[in-house]
Each structure stands twice: as C-alpha cells, then as structure tokens.
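Colleague: I should like to learn how to read a structural model feature by feature. May we begin with a single residue and work outwards?

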Amino acid sequence: MKLSIWDIFKYIYKWKLLIVFSVAAAIVLSVFYTNRNQSYESQVVIKFNDACIKEGKTPKNEEFDPYEIISPDVITAVIEDLNMTRSVEGLKSRVKIKAIIPKTEETRQESVIKEGEEYTYHPDSYTVTYKGRVGESDAMVRDILDSIVKNYLNTYVHNYVDQISVNDFTFDEDFSNQDYIEIAEIMSNRIDTIISSLENYYSSDSSFRSSKTGMSFLDIETEYKHLRDFTIPKIYSNIYEGQISKDKDLLIKKYRQRIDEYKLQEKNFSEKAQMTKERLESFAQANVDVPNAYNAKTDDVDIIQDVYGKWEDENNRNVTTTYDDLIKKYVSDSTAANNARLNADECEKVISKFTAPIETDADKEELTEQIKSDIAYTMDKLNSIYDDLHETVEDFNNANATTHLSVLTGVRYYAMKSLSLYAVLFSGAAVMMSVFFALAYELIRRYLKEA
C-alpha cells in the first residue's frame, strides 16, 4: 500500500471538521482547567528609611528582624480586617520575604570572602510575596498582601516611631446634671488642654498641612483660640450678668464643697513639700564634710567632666541622684499645692458673683436662652473642629510613618497559570490526536479495502 503526501493532506482535509471541533473543545477545556486550578501571587517592595536598619538594628537599638512583617500580631490583624477563617500559621506560611541585595554588594561580598575576610551586609529593602491558594481570587490575593503591609506599617510605627495623639474631646455626654457655668468650665478646660497640645504639634512640624482637611495645626489652633477668646467669655459674661443658674443654691453648695476639697489638697501637698524640703536640708547637711569641688584640700577628688553634657549609664538611661529626685518631688508637690490654692480662689470668686446683689435689669429668660444657644453652638463647633483635628492628626502620623518606611511599588499580582499557554498546549494535543485518529482510520479503511 503506497501512501503519498497528497493522500495525507486529503485525509486531513476530509476530517477537517473533527479537527476544528477538537481544537475548539480543547480551548474550552483549557479555559475550564485554568480557571479551576488557577492561583495568583501578589508582590510588593518595601524599603526601610531609618539608617539603623543598614546596621541591622531597629530604631530602639534592638536586633532587626524582617520577619516581623509577618509576626502573629500582624497576621491576626489581617485575618480580622478581611473577616477570614484562616489560621495564622496557614496564612503566614504563604508569605515569603526576600532581601533585595544590589549587584555591587554581591560582587563586593564575593571579593571580600575570597580574601578570607568576614563580610556582613544588612539590606534595607525587601520583596514581600504572598502565594494565593487555588481558587483564591486575584482581588483577595491583592487585598491580603495590602493588609499585611498596612498592618505591619501600623505595628512598626507603634513600636518605633513617635506618634502624636489627641484625646476624645467630643461632646456627646449628658450634661443635664451640670449647671451652665460648670458646662462652660468643662469646655474651657478642654479647649486649653488641646491648644497646649496643638502648640507642641505645630512646633514639631510647622510646615505640615493635611491633604484630607487642607488644614495645618496652626489653622486648627486658631479655631480653638477663637472659641476660647470670644465665645466662652461671652457665655461667662451672660451667666454672671444675670446670675443664671439651674439651681443657684445647689450651685453655691457644690462650689463650697469644691473649696473644701481644694484646701484639703493644698494642705496635703504643702505638707509633702515641707517633708521633702526637710529631707533636702538633711541630705545637704550630711554631705557638707564630703570632699568635693568646693571644699577639697587635696588633689584626690575626681571632678566630673562635661557636667553640662548628657551623662548616661551603661543602660542608656539618664543618671539622676537622690538629691535630683528630691528636688523634682519638692517642685511637683509645691506646684500642686499652689494649683489647689488657685482653684479654691476661683471657686470663691464664683460664689461671690452668685451671692452679690444683681446690678442689672437684664431679662433672665432672654439671657438663659442666649446661654443655652451659645453652649449648643460651642459644643457643635468643638465637635466639628475635633473631626478635622482627628483627620489631620491621622494624616500627620501617616505622613510621618512614610518617612521611616516606604512602599516602593504598588501591590502587584500575577496569575500562576497562563491561559494562553494552556490553550496552546491543549490545542496542540487536540490537533495531534485528531490528525492521528483521522489518518489511522483512513489507513485502516484503505488497507481493508485493498485486502
């Protein structure tokens, strides 16, 4: 049986529909197989900007470990963020961390090792890769790595970077049991506290302006100062003008109790300060005859060098003496006693204003409504400013964090199985099998016919 090339082409052409259908079926099968067995991998590059990392140390001078990126705390936070049912170890095992070492450093390392010398290089950039499970979507793979980076950044900032924070100064509590002047005092004290903090924030970075709120710390401080200098004094003025109170007798009673409390505090702190002062005098007297810089008669006395410098012990802590501690305690107690006395004096002034004869014919009802309105306005304004402050502080902390740790690339993801590659492989296999079947069938049929 003779078989020419023409015969082969003729048989293939005769079965062209089978071949076409086989290829189409193979493509469909490749799509199904790829989708069924597809997995994704996400990757990001992060860089530590603190110089100490290149020395293998954290900002706290501890041993730097890049695997803190996937510490249990970080992975737990990721699982909580994405509401996953994964185990910490299971998720952690799919994350790989690889140091990025420049080619120049690799060449240098080889040459130094050849010379028989030790060489240590501490990288500051790392590739973090998450290998997703089969069936895990590309979005989930990306979100998991993004959450890992976000939570590690928060952990790094919390552990090593100084952050600023503000207390919750919103006004959502019930003030029904507080008198008008007491509410004004609460608002005034909170404003003073937060202005003090804002002054420190502004001095630490006067150029910062939030991208979220468009405000600097100075802008926010100005808004608080406006309330302190204009709105709050207006409330006090109206209260004193008409002696406006929900219950004047109860208010006076409260302030007399506060006077007693402040006087008791003043007495306690004054006694503590006096005891500390006596200890200071005893301590000083006990050291009169100890050889030192001012009474030494020999050359055997060691004078501390650089007394104005920072003297630290081996544990890197400031060294203070017993005398230093006593001085600090004396100042602290004396200040506390003085503050208590001033507070008692302020309470005395309030009582005197509410017990003096009213010298105005102002309408009390009108004043009361004005006070209520001003208090409500001030509370709403304080809540509004606090929202801006909270976002500005959050923006500042994030900006501050990026100066220590940078994400050099966005979170990229890749499909581990290529659909086009599997389509080509399946199609090629389908073509070969269908052609083989066509030729085998025709040759057997021809052989039987000729026999």
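Colleague: Which residues does Gln-38 touch, not counting residues up to four places away in sequence?

Modeller: Please keep in mind that this is a predicted model. Gln-38 makes its contacts with Arg-133, Val-134 and Gly-135, and also with Ala-415, Met-416 and Lys-417, when residues up to four places away in sequence are not counted. Gln-38 sits in the loop between α2 (16–37) and β1.

Colleague: Is Gln-38 buried or exposed?

Modeller: The label follows from relative accessible area, and under 20% counts as buried. Gln-38 has 9%, so Gln-38 is buried.

Colleague: Where is Glu-41 found, and which residues does Glu-41 touch?

Modeller: Glu-41 belongs to strand β1 (residues 40–48). Leaving out residues up to four places away in sequence, Glu-41 touches Thr-129, Tyr-130, Lys-131 and Val-141, together with Arg-412, Tyr-413, Tyr-414 and Met-416. For one of these partners a backbone distance is available: the C-alpha atoms of Glu-41 and Lys-131 are separated by 4.5 Å, although the two residues are 90 residues apart along the chain.

Colleague: How many aromatic pairs does the structure hold?

Modeller: The structure holds 20 aromatic pairs. Take Tyr-152 and Tyr-156 as a case: their ring centres are 6.1 Å apart and their planes are at 55 degrees, so the pair is tilted.

Colleague: Why is that pair tilted rather than stacked or edge-to-face?

Modeller: Planes under 30 degrees apart count as stacked and those over 60 as edge-to-face, so the rest are tilted. Sequence position is also informative: Tyr-152 and Tyr-156 are 4 residues apart in helix α6 (residues 138–160), which means a separation of about one helical turn. Tyr-152 counts as buried because its relative accessibility is 2%, and Tyr-156 counts as buried at 1%. Ring pairs also join both tyrosines with Phe-48, Phe-64, Tyr-126 and Tyr-160 in a cluster.

Colleague: Let us turn to empty space. How many cavities of 30 Å³ or more does a search of the whole structure find?

Modeller: The search finds 1 cavity of 30 Å³ or more. The largest cavity holds about 40 Å³ of space. The residues lining the largest cavity are Phe-169, Phe-171, Arg-190, Ile-191, Ile-194, Tyr-224 and Leu-382. By class, this lining comprises 6 nonpolar, no polar and 1 charged residues. Helix α7 (residues 180–204) gives the largest share of the lining, 3 residues.

Colleague: What volume has the second largest pocket, and which residues are the closest to its centre?

Modeller: The second largest pocket has a volume of about 310 Å³. Of the 14 residues that line the second largest pocket, Glu-185, Tyr-236, Arg-258, Glu-346 and Val-350 are the closest to its centre. At least two lining residues come from each of α7, α8, α9 (248–286) and α10 (322–355), and α10 supplies the largest share, 6 residues. The lining of this pocket divides into 6 nonpolar, 3 polar and 5 charged residues.

Colleague: Over which residues does pLDDT stay under 50?

Modeller: Where pLDDT is low, the predicted coordinates should not be read in detail. In this model pLDDT stays under 50 over residues 301–316, for which there are 13 contacts beyond four places in sequence. For the chain, the mean pLDDT is 85, and 91% of the residues reach 70 or more. Among the elements, helix α5 (residues 103–114) has the lowest mean pLDDT, 77, and helix α8 (residues 217–242) the highest, 94.

Technical notes:
Residues are numbered from 1 along each chain as its sequence is written. This is a predicted model: local features need pLDDT of at least 70, side-chain atom pairs count only at pLDDT 80 or more; totals for chains, interfaces and linings use all residues. Side-chain values use heavy atoms; hydrogens and water are left out. On a 1 Å grid over the protein atoms alone, a cavity is a set of points where a 1.4 Å probe fits but cannot get out, and a pocket is an open set with protein on both sides within 12 Å along at least five of seven lines; lining residues have an atom within 4 Å of a point. Grid points are joined across faces, edges and corners, and a volume is the space filled by probe spheres set on the points. Ala, Val, Leu, Ile, Met, Phe, Trp, Tyr, Cys and Pro count as nonpolar, Asp, Glu, Lys and Arg as charged, and the others, Gly among them, as polar. pLDDT is the predictor's confidence in each residue, from 0 to 100. Contact means heavy atoms within 4.5 Å. Rings of Phe, Tyr and Trp (its six-membered ring) pair if their centres lie within 6.5 Å; planes under 30 degrees apart count as stacked, over 60 as edge-to-face and the rest as tilted. Buried means under 20% relative accessible area, exposed over 50%, partly exposed in between (1.4 Å probe, protein chains only).
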